[in-house]
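Visitor: I am new to this structure and should like to be guided through it by questions. May we begin?

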Amino acid sequence: MKIDAITIFPEYFSPLQLSLLGKAQEKELLSITVHNLRDFSTNNHHSVDDTPYGGGAGMVMSPEIWGSALDPLMLEDTDLIILTPAGKVFDQQMAQEFAGSSHLVFACGRYEGIDYRVGEYYSHPQFVAQSIRVHEVSIGNYVLGGGEVAALVMIEAITRLIPGVLGNPESLAEESHNEEGFLEYPNYTKPANWRGIAVPEVLLGGNHALIATWRAAQAQVRAQKCD
Ligand code: SAM
């Protein structure tokens, strides 16, 4: 999978070199490129924003600069993800869908966000015909200062679903938020008694059928608590 992220703060993406994502890039399962939006600004101060039509507080990111940054990345078969708190809320199902993509482009807004016409433009039939799909996505119902953290959240959730990225793919099998809407049972490790709290007896007995029944029941209890 190829990932491009466009931002005015490329430094936000340095954690992508760590842990599983760093290894996945070394193994060439993934290639991630971060672009500085200011490099596409032609004015002296490298500014990327302007005042909003219709008035109001704050500044809006310029469609001209976004267009210059995005045009070279809008290759055949691309998912353009415009991060916005007004978008469709990201979840595990969406992560699964994006994990099947060959090219993701993350547009990280700042200030009052990106001029709305950017998403409209790349939704034109000429781009649809090239399998370019535009998605407005939010990572939750709250407002962040910028789209960088949202892109990091999405990249981590999506890329760990790519075959070969996780050391042990069985870790995915019984995870929370799978297709059945399951939440994972509680997990324990040694010692068997920690600060007076004992590991449930059933997990110590080695009876796999009983353990499976107990885990299924605990997963349900957890799901009810979260309702
Ligand atoms: N004025 C916008 C609004 O009220 O919808 C909020 C803009 S926010 C301060 C600046 C940028 O942060 C947005 O353009 C977006 O890229 C990002 N952002 C903020 N909250 C987000 C969220 N919940 N999910 C995804 N991106 C978010």
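Visitor: How many residues in the lining of the largest pocket are nonpolar, polar and charged?
Guide: This is a predicted model, and the lining of its largest pocket comprises 27 residues. Divided by class, that lining has four charged, nine polar and 14 nonpolar residues.

Visitor: Which element gives the most to the lining of the largest pocket?
Guide: Three elements each supply at least two residues of this lining: β5 (78–89), α4 (117–121) and β7 (132–138). The one that gives the most, with five residues, is β5.

Visitor: Which residues lie nearest the centre of the largest pocket, and about how much space lies in that pocket?
Guide: Of the lining residues, L83, T84, P85, E112 and G113 lie nearest the centre. The space in the largest pocket is about 500 Å³.

Visitor: Where does the ligand sit?
Guide: The residues around the ligand number 19, and L83, G109, E112, Y142 and L144 come nearest. Of the names just given, L83 and E112 are also listed among those nearest the centre of the largest pocket. The ligand indeed sits in the largest pocket.

Visitor: Which element gives the most to the shell around the ligand?
Guide: After the pocket, one may consider the shell. The elements that give two or more residues to the shell around the ligand are β5 and β7. With three residues, the element that gives the most is β5.

Visitor: How many residues in the shell around the ligand are charged?
Guide: The shell has nine nonpolar and eight polar residues. Its charged residues number two.

Visitor: What share of the accessible area of the ligand does the protein cover?
Guide: Several pairs of polar atoms should be noted here. A backbone N or O atom of G109 is 3.0 Å from an oxygen atom of the ligand, and a polar backbone atom of G146 lies 3.4 Å from an oxygen atom of the ligand. In the side chain of S138, an N or O atom is 3.5 Å from a nitrogen atom of the ligand. On its own the ligand has 590 Å² of accessible area, and the share covered by the protein is 82%.

Visitor: Which element gives the most to the lining of the second largest pocket?
Guide: The second largest pocket has a volume of about 290 Å³. Its lining has 14 residues, and D50, T51, P63, D115 and R117 lie nearest the centre. At least two residues each come from β3 (49–50), β4 (60–61) and α2 (63–70). The element that gives the most, with three residues, is α2.

Visitor: How many residues in the lining of the second largest pocket are charged?
Guide: Six residues of this lining are nonpolar and three are polar. The number of charged residues is five.

Visitor: Which residues does a cis peptide bond join?
Guide: Most peptide bonds are trans. In the loop between α6 (148–159) and β8 (193–194) lies P191. Here omega is about 5 degrees, and the cis peptide bond joins K190 and P191.

Visitor: In which helix is S19 found?
Guide: Most residues other than glycine have a negative phi. S19 has a positive phi, near 55 degrees, and is a residue other than glycine. The helix in which S19 is found covers residues 19–26 and is named α1.

Terms used: Residues are numbered from 1 along each chain as its sequence is written. This is a predicted model: local features need pLDDT of at least 70, side-chain atom pairs count only at pLDDT 80 or more; totals for chains, interfaces and linings use all residues. Side-chain values use heavy atoms; hydrogens and water are left out. On a 1 Å grid over the protein atoms alone, a cavity is a set of points where a 1.4 Å probe fits but cannot get out, and a pocket is an open set with protein on both sides within 12 Å along at least five of seven lines; lining residues have an atom within 4 Å of a point. Grid points are joined across faces, edges and corners, and a volume is the space filled by probe spheres set on the points. Helices (H or I, at least four residues) and strands (E, at least two) are DSSP runs, numbered from the N terminus. Ala, Val, Leu, Ile, Met, Phe, Trp, Tyr, Cys and Pro count as nonpolar, Asp, Glu, Lys and Arg as charged, and the others, Gly among them, as polar. A residue is near a molecule or strand if one of its heavy atoms lies within 4 Å of it. A polar contact is a pair of N or O atoms within 3.5 Å; within protein, one must be able to donate a hydrogen and the other to accept it, and residues adjacent in sequence count only if both atoms are side-chain atoms. Accessible areas come from the Shrake-Rupley method with a 1.4 Å probe; for residues, only the protein chains shown count as cover. A molecule sits in a cavity or pocket if more than half of its atoms lie within 2 Å of its grid points.
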